[in-house]
Amino acid sequence: MRRRPSLLQIIYSRRTVRRFSKSKPLSEDVVKMLVEAGQRAPCYYQAYSVIWVRDEERIKSLAEICDSETTRSMILNASAVLLICVDFYRLRVLLNSLGHHHILSEDKFPVEAFYGVFETGLMVENICIAAEVLGLGSALLDCALFECERIALLFQLPHGVIPAAILCVGEKGENPPPRPRWPLEHVLHIDAYKPVQAEDVEAYLDLSEKILASEGYLRKYAEWNGSYTEYLMERTLLTKEIKKTYDAIASFLTRNGLKL
Ligand SMILES: Cc1cc2nc3c(=O)[nH]c(=O)nc-3n(C[C@H](O)[C@H](O)[C@H](O)COP(=O)(O)O)c2cc1C
């Protein structure tokens, strides 16, 4: 009999899956199980909500809003599309019901904003791991944040509910190799923080280049034929256009109380 993988093996072998074999939507029981697993993550305010986008028209509208080809096909082929939100609305309703002048009364709450984002991330990771345990793949998409204004409108989100990411869960249509990570010694500092050196950065970029090239990652998912370093530069260039986009996102976040 084959031994079942341990949870640790599952965590080590999780990869973002961007190609799903189109199959039946997940059952309500499975989606509930995944989100309940998410809820078991450590939390402070539980300032998060998950919208399971089940309606086909809604899924199509979401795919249209997220307009890159890869992203669109992930949304359309997933067996479950989950809109992950940071949610200060429900917390505010709860605190309002207590009748005191509380931390969200003034719409300025840097500490809570930080907690909200933090705990939403922990919740999502639990969902990703739970999906892996069930043999399903998952992919997080940042277009929820980049298109927050349009998505908030599409879902009529109340004040304080912030689209953070779309999580696509589905049958794995690919089995990708591990993607690069910084060597442990640059992430795990013992007793004191050890700043990274120029040669470490060079070695890390070299390693990433090799690992991603062996998978054909950039060609496959980003239609990019150049090097990883060039790609990274292109993606992180502080252009006028990106400044405008960031200002628009910051304005949405601020209007919804997320003032860091
Ligand atoms: C906040 C966040 C947003 C992400 N958005 C996208 C996305 O829009 N498209 C995508 O293909 N992957 C997205 N990812 C997945 C990362 O690209 C992926 O986790 C990373 O490349 C490492 O690969 P791995 O998960 O297979 O180890 C996102 C991940 C995070 C944490």
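Student: Which residue in β5 does L140 stand opposite?

Tutor: In this predicted model, β4 and β5 run antiparallel and are joined by 6 bridges. Strand β4 covers residues 136–141, and β5 covers residues 161–172. The residue in β5 that stands opposite L140 is L167.

Student: Is β4 largely enclosed or open, and how many of its residues are buried?

Tutor: A residue counts as buried when 20 or more other C-beta atoms lie within 10 Å of its own. Strand β4 is largely enclosed by the rest of the structure, because the buried residues number 5 of the 6.

Student: Which strand gives the most residues to the shell around the ligand?

Tutor: The shell consists of R15, T16, R18, A139, L140, L141, D142, C143, A165 and R179. These residues divide into 5 nonpolar, 1 polar and 4 charged. The strand that gives the most, with 3 residues, is β4.

Student: Which strand supplies the largest share of the largest nonpolar core?

Tutor: In soluble globular proteins, nonpolar side chains tend to be buried together. The largest nonpolar core here has 52 residues, of which I84, A144, I166, C168 and V169 touch the most other members. The largest share, 8 residues, comes from β5.

Student: Which residues does I166 touch, leaving aside those up to four places away in sequence?

Tutor: I166 is one of the core residues that touch the most other members. Beyond four places in sequence, the residues in contact with I166 are L62, I75, V81, L83, L141, C143 and A144.

Student: Which residues of β3 are buried on each side?

Tutor: In a regular strand the side chains alternate between the two faces of the sheet. Strand β3 is mostly covered, with 8 of its 8 residues buried. One side holds A80, L82, I84 and V86, and the other holds V81, L83, C85 and D87.

Student: Which residue of β5 stands opposite I84?

Tutor: Strand β3 runs antiparallel to β2, with 6 bridges between them, and Y48 has V86 as its bridge partner in β3. Strand β3 also runs antiparallel to β5, to which 8 bridges join it. In β5, the residue opposite I84 is A165.

Student: What span does helix α6 reach from its first C-alpha to its last?

Tutor: Helix α6 comprises residues 110–133, 24 in number. At 1.5 Å a residue, the expected span is 34 Å. The span in the model is close to this value, at 35 Å.

Student: What covers the buried residues of α6?

Tutor: The buried residues of α6 are A113, G116, T120, M123, V124, I127, C128, A130, A131 and E132. Elements that cover them include α1, α2, β2, β3, β4 and β5.

Student: Is Q46 exposed or partly exposed?

Tutor: Q46 lies in the loop between α2 and β2. Its phi is positive, about 55°, although Q46 is not a glycine. Q46 has 16 C-beta neighbours inside 10 Å, so its class is partly exposed.

Student: Why does D191 count as exposed?

Tutor: D191 is found in the loop between α9 and α10, and its phi, near 70°, is positive in a residue other than glycine. A residue is exposed if 12 or fewer other C-beta atoms lie within 10 Å of its own. D191 counts as exposed because its C-beta neighbours inside 10 Å number 5.

Terms used:
Residues are numbered from 1 along each chain as its sequence is written. This is a predicted model: local features need pLDDT of at least 70, side-chain atom pairs count only at pLDDT 80 or more; totals for chains, interfaces and linings use all residues. A residue is near a molecule or strand if its C-beta atom, placed from the backbone, lies within 6 Å of it. Helices (H or I, at least four residues) and strands (E, at least two) are DSSP runs, numbered from the N terminus. Ala, Val, Leu, Ile, Met, Phe, Trp, Tyr, Cys and Pro count as nonpolar, Asp, Glu, Lys and Arg as charged, and the others, Gly among them, as polar. A nonpolar core is a set of buried Ala, Val, Leu, Ile, Met, Phe, Trp, Tyr and Cys residues joined through C-beta atoms within 7 Å. Two residues are in contact if their C-beta atoms, placed from the backbone, lie within 7 Å. Two strands pair if DSSP finds at least two bridges between them. The expected span of a helix is 1.5 Å times one less than its number of residues.
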